Amino acid sequence: MASSRTASASPTVGRTPTPQTLGFLLLDNFTLISLASVIEPLRMANQLAGRELYRWYTLSVNGEPVRASDGLQVTPDASTSIPLSLDWVVVCGGVAPHRSVTREHIAWLQSQARQSRRLGSVCTGSWALAKAGLLDGYETSIHWECLAAMQEAFPRVPLTTRLFSIDRDRFTASGGTAPLDMMLNLIGQDHGRELAAGISEMFIYDRVRGEQDQQRVPLKHVLGTTQPKLLEIVALMEANLEEPIALDELATYVDVSRRQLERLFQKYLNCSPSRYYLKLRLTRARQLLKQTSMSIIEVASACGFVSTPHFSKCYREYFGMPPRDERGGIGTRQGRGDDGERSRVVRRALLETSPEPMSSAVLALNQAQGEPTYASVPL
């Protein structure tokens with residue numbers, strides 16, 4: 001399902017030499033780590049390609065500096081009143097987005113949607129897009145702290161706990177380093193897996209997470225303190241993945257009946273206790289497959305499966321692929337071969353007569369020409 005949505009939203013690899021232009025709208029109290037995670041892959045894509053694949057501008061409503069959640073101020077490249085030829089618009093949110101989003105933000109985002117921009121967000125920036133009515137019917141990721149409030153405020157927006165979501169011309173990332181994974185996936189779709197893998201190597205990022213990877217949402221955040229028995233049962237499950245505890249035994253541990261146990265899970269977690277337990281074991285198995293060199297047999301045993309065929313069957317049904325394919329990801333890069341003649345298609349500055357401000361991408365690319373990795377991934 002995710003792959004079909006993604007394919008429809010992405011340009012063909014190598015389709016055009018024209019750089020894609022992105023505008024990053026900074027909301028008050030945005031998280032600096034998310035902004036860096038979404039921009040740095042673009043900088044490195046240009047450096048490794050030896051030409052300007054992406055161009056970007058940071059924006060605020062009035063062009064004035066915007067304070068991040070850590071207290072640092074970022075001076076944007078331009079205000080939203082300047083007409084820029086943007087291909088993508090990315091909203092960068094952070095703390096208390098419901099207080100940061102203004103009517104000016106909403107009006108500008110709606111104007112960008114009318115011009116058929118690709119719209120995205122990082123951290124809690126999804127709130128602004130939803131407030132503007134631009135995420136109705138689009139699968140959306142947002143930081144887990146904001147999930148409950150978002151569900152209440154925007155019931156027409158289908159939310160997910162995935163690290164990031166790419167749905168047609170919308171792309172949303174939950175926060176932290178998740179935007180890095182999202183951008184690596186988007187860059188890989190636009191310009192090939194080798195470039196995305198090269199960027200991850202430069203950032204010493206040894207596992208690029210995919211769209212199916214989930215946020216680790218603390219159950220206490222979902223349930224609050226109103227269901228201590230359910231929290232206790234889940235804690236028992238999480239502590240006993242290798243040797244699963246029978247449901248009757250779990251019920252006895254917390255002094256409820258098997259029927260009460262079933263009702264608790266259906267009411268608060270929308271699934272049966274056995275299904276939830278299986279989800280925990282399979283999620284753990286996915287982590288082991290991605291992050292260790294354990295064999296599939298060892299992973300199956302460590303996650304409480306009595307046989308490898310049964311494990312493979314459950315894994316395929318839940319994640320849509322067999323365990324042996326899980327370690328593919330973006331993959332390990334092959335030899336780069338001869339770099340050849342390095343590209344000189346780098347602009348040193350935009351023309352002074354241009355109505356658009358200078359993109360910081362141009363300056364970054366100029367500085368990168370002395371780096372040994374410049375133009376090291378042929379496209």
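This report walks through a predicted model, starting with its sheet and moving on to a helix, two loop residues and some salt bridges.

## The sheet

A good place to begin is the open sheet, which is built from seven strands. Read across, their order is β5-β2-β1-β6-β7-β11-β10, and the pairing is mixed. The edges are formed by β5 (78-79) and β10 (164-167). Each of these two has a single partner strand, so one side of each is left without a neighbour in the sheet.

At the β5 edge, the pairing with β2 is parallel and runs over two bridges. If you would like a spot to look for there, find Ser60, which stands opposite Ser79 in β5.

## A helix across the strands

Next, turn to helix α2, which covers residues 32-49. Helix α2 lies across β1 (20-26), β2, β6 (88-92) and β7, and runs at about 155 degrees to β2. Of the 18 residues of α2, 13 are buried, so the helix is largely enclosed by the rest of the structure.

The length of α2 can be checked too. With 1.5 Å a residue, its 18 residues should span 26 Å, and the C-alpha atoms at its ends are indeed 26 Å apart, which agrees. Just after α2 comes Gly50, with a positive phi of about 75 degrees.

As you look along a helix, one rule is handy: an α-helix has 3.6 residues a turn, so residues three or four places apart point the same way.

## Two loop residues

Val61 sits in the loop between β2 (54-60) and β3 (66-67). Its relative accessibility is 29%, so Val61 counts as partly exposed. Setting aside neighbours within four places in sequence, Val61 is in contact with Ser79, Thr80, Ser81, Glu104 and His105. The last of these, His105, is 44 residues away from Val61 in sequence, yet the two are 6.9 Å apart in space, C-alpha to C-alpha.

Thr124 belongs to another loop, the one between β7 (118-122) and α5 (126-131). Thr124 has a relative accessible area of 5%, which is under 20%, so this residue is buried. Not counting residues up to four places away in sequence, Thr124 touches Gly93, Gly94, Pro97, Ile142, His143 and Cys146.

## Salt bridges

A search of the whole structure turns up ten salt bridges. One of them joins Arg55 to Glu52, with the closest N and O atoms 2.9 Å apart. Both of these residues are buried. Another brings together the side chains of Arg168 and Asp167, at 2.8 Å from N to O. Here the partners are set differently: Arg168 is partly exposed at 38% relative accessibility, whereas Asp167 is buried at 4%.

A third salt bridge links Arg258 with Asp248, and its closest N and O atoms are 3.1 Å apart. Arg258 lies in helix α12 (residues 258-269) and Asp248 in helix α11 (residues 247-253), so the pair ties together parts that are ten residues apart in sequence. Arg258 is partly exposed, with 36% relative accessibility, and Asp248 is also partly exposed, at 46%. There is one more partner to find: Asp248, Arg258 and Glu262 are linked in a network of salt bridges.

Technical notes. Residues numbered from 1 in each chain as written. Predicted model: local features only at pLDDT ≥ 70, side-chain atom pairs only at ≥ 80, totals over all residues. Heavy atoms only, no water. Salt bridge = Lys/Arg side-chain N within 4 Å of Asp/Glu carboxyl O. Buried < 20%, exposed > 50% of the residue type's maximum accessible area, 1.4 Å probe, protein only. Helix = DSSP H or I, 4+ residues; strand = E, 2+ residues; numbered from the N terminus. Contact = heavy atoms within 4.5 Å. Pairing = 2+ DSSP bridges. Axes fitted to C-alpha atoms, helices over the stretch in contact; angles between N-to-C directions. Expected span 1.5 Å × (residues − 1).
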